[in-house]
Amino acid sequence: MYDLLIKNGRIVDGSGQPAYDADLAVLDGRIARIAPHIDEPAQTVIDAAGRLVTPGLIDSHSHSDSGVLLGPDGWNMLEQGITTQITGQCGTGPVPAYPNLFEGVRQKYGPEKVRELEEKCATFGSFMEAVSRMELGTNMAFYASQGNIRGAVMGFRMGDADPEETEQMKALMAEAMEAGFLGFTTGLVYAPSIYAGTRELVELAKVAHSYGGNYASHIRGEGLHVLDAMREAISIGEQSGIPVIISHLKIKGKQYEGASRDMLRLIDESNARGVTVWAEQYPYLASSAPLISQIPPQFAEGGNDKLVERMRDPALRKAMERAVFEDYETFESNIYGAGYGGILISSAYYTPQYEGRYVAEIAESEGKAPFDVICDMLIANNGVVQAIYFSQNESDMLRILAHPRVMVGCDASDVQGHPDRDKPAGGHPRGMSTMVRRLELIRDHDLMDVETAIHRMTGLPAEVAHLPNVGQLREGWNADICVLDYPHLKANSDYICPYRKNEGIDYVIVNGKIAVKDNTFTGVKNGRVIKRGSSRA
Ligand SMILES: [Zn+2]
């Protein structure tokens with residue numbers, strides 16, 4: 001007797017090979033059998049006639065790492081077909097914890113929770129252990145975040161690491177790899193990650209590479225300097241041997257339309273000369289990032305609380321605004337890139353009246369200068385404000401999406417709790433619908449066949465990140481499975497209502513258990529921690 005039997009579906013197995021009609025049986029969390037007709041009984045039978053049966057989708061870029069310890073169920077990830085999240089991205093994670101890291105948590109959950117998290121996030125090992133004990137909605141795999149490694153060793157200090165600090169950071173890197181992390185990430189626009197120079201990163205990369213890890217980078221610039229920023233990441237791969245993944249590949253700034261051609265050519269040329277380079281992307285034209293990270297980093301020395309303090313000084317505030325608009329050559333702020341009319345406030349805990357509104361519009365209605373709106377809001381929220389920035393072109397987004405080295409990442413987190421589906425603001429639609437929107441775009445623009453599309457969202461990212469036994473439908477492998485109504489897939493979330501339900505997600509199965517039925521989370525949490533595997537099973 002099988003636990004689960006999916007009958008009459010069309011199997012797209014995640015390898016990129018042609019689809020075929022077959023039944024698929026699940027037992028004890030694994031795929032027990034795939035065959036033209038399976039007639040043995042099963043506890044649950046799903047009729048998948050007219051549906052695609054695919055591996056569970058893999059989110060190559062998640063930020064659920066810190067929030068996972070607060071006990072979310074992953075419903076927003078599951079409801080778009082995701083069964084595995086690869087987290088710790090952009091150099092910003094929970095471990096090792098450094099002072100003030102959990103300010104957002106303190107605001108919502110109080111200081112007791114912060115102490116608990118700091119204890120769990122003291123070392124890479126203690127973090128892995130704590131997460132392994134959680135009930136997880138999706139499977140979770142982790143990159144080590146270089147911003148935390150640097151922050152723990154050097155604090156928010158600009159400038160190069162001395163030899164002793166370098167050794168301490170390398171030791172932490174090794175500790176992460178021993179604990180089963182996948183490699184490391186940087187966020188070279190975020191303090192303190194940004195304070196690291198290329199040479200320092202090469203040293204960490206050598207350590208991660210010696211364990212078979214990867215280097216994933218939110219690069220130093222995604223607008224004017226995007227090619228140089230990509231070249232830096234690639235040179236780290238070249239000097240250390242580590243495979244490179246460019247995070248959320250995009251070109252910001254509507255004036256740079258067409259730049260993706262040169263960016264993708266750079267990736268192709270690097271691979272052609274033996275430097276392994278991948279990328280991942282979310283299929284939206286607006287980005288999202290902490291508002292405080294849009295203030296040039298020289299004002300953040302000493303930490304974000306210091307930066308907020310400096311905003312109270314009118315002369316420093318003026319200097320910040322000047323730096324945003326006049327020093328774009330040095331630091332690409334989204335405040336410049338999107339303009340005040342293109343910045344939408346998505347969350348601001350202490351000033352909810354601003355959520356779902358644009359900075360220019362708030363300034364207008366309050367009779368204030370827009371930069372003062374930003375500073376006053378940051379002060380009121382102790383620096384914790386999330387915003388959305390509109391600054392990209394569709395032609396570049398689609399060109400990047402179609403490229404064979406590009407995977408997919410939501411660049412979002414598990415939503416804590418269950419907000420009303422029509423609740424305005426609070427997030428970016430990518431957190432609810434990245435996977436569905438990507439498949440919709442592929443289908444409607446006829447960008448590639450469905451086998452290729454699914455491969456880049458399943459088998460390929462599993463192989464790149466060395467995740468054992470997931471990413472393909474194969475006998476003996478983990479039963480992470482989607483049943484999709486491909487012609488009717490539809491993303492309904494948008495920038496104003498980011499939590500609206502998707503369509504076309506019939507079932508999502510995590511380690512053999514049904515976590516989503518008819519586009520809706522069932523309440524079943526059956527995810528696990530996945531550690532880096534040395535080779536494919
Ligand atoms: Zn990022």
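Leaving aside its neighbours within four places in sequence, which residues is K423 in contact with? In this predicted model, the residues that K423 touches are E355, I496, C497, P498 and Y499. To find K423 itself, look in the loop that runs between strand 17 (406-408) and helix 16 (430-444). The side of K423 open to solvent is worth a glance too: its relative accessible area is 29%, so K423 ranks as partly exposed, a class that lies between the 20% and 50% cut-offs. For a sense of scale, try picking out Y195 as well: K423 and Y195 are separated by 228 residues in sequence, and their C-alpha atoms are 38 Å apart in space.

From that loop, let us step into helix 16, where L439 is found. Is L439 buried or exposed? L439 has a relative accessibility of 2%, and because the limit for a buried residue is under 20%, L439 counts as buried. Its surroundings can be listed by name: apart from neighbours within four places in sequence, L439 is in contact with A453, I454, M457, L484, Y486 and L489. You can also compare L439 with A491, which is 52 residues away in sequence, while the C-alpha to C-alpha separation is 9.6 Å.

Next, please turn to the metal. Which residues coordinate the zinc ion? The donors are C90 through SG, H218 through ND1 and H248 through NE2, at 2.1 to 2.2 Å. Along the chain, these donor residues follow the spacing C-x127-H-x29-H. The pair of C90 and H218 ties together distant parts of the chain, 128 residues apart. C90 sits in the loop between strand 7 (82-87) and helix 2 (103-109), whereas H218 belongs to strand 11 (residues 214-218). Both C90 and H218 are buried.

Our last stop is a pair of helices. Two packed helices are described by the angle between their axes and the distance between the axes. For helix 11 (residues 314-326) and helix 14 (residues 370-380), the axes come within 11 Å and cross at roughly 120°. That angle falls between the perpendicular range, 65 to 115 degrees, and the antiparallel one, over 145, so helix 11 and helix 14 are oblique to each other. The crossing of helix 11 and helix 14 is right-handed. On the helix 11 side, the contact is made by R317, M320, E321 and V324, and helix 14 contributes F371, D372, C375, D376 and I379. By character, the residues of this contact between helix 11 and helix 14 comprise 5 nonpolar and 4 charged, with no polar ones.

Technical notes:
Residues numbered from 1 in each chain as written. Predicted model: local features only at pLDDT ≥ 70, side-chain atom pairs only at ≥ 80, totals over all residues. Heavy atoms only, no water. Axes fitted to C-alpha atoms, helices over the stretch in contact; angles between N-to-C directions. Helix = DSSP H or I, 4+ residues; strand = E, 2+ residues; numbered from the N terminus. Parallel < 35°, antiparallel > 145°, perpendicular 65-115°, else oblique. Left-handed = near helix turned anticlockwise from the far one by under 90°. Contact = heavy atoms within 4.5 Å. Nonpolar A, V, L, I, M, F, W, Y, C, P; charged D, E, K, R; others polar. Donors = N, O, S within 2.8 Å, 3.2 Å for Na, K, Ca; no water. Buried < 20%, exposed > 50% of the residue type's maximum accessible area, 1.4 Å probe, protein only.
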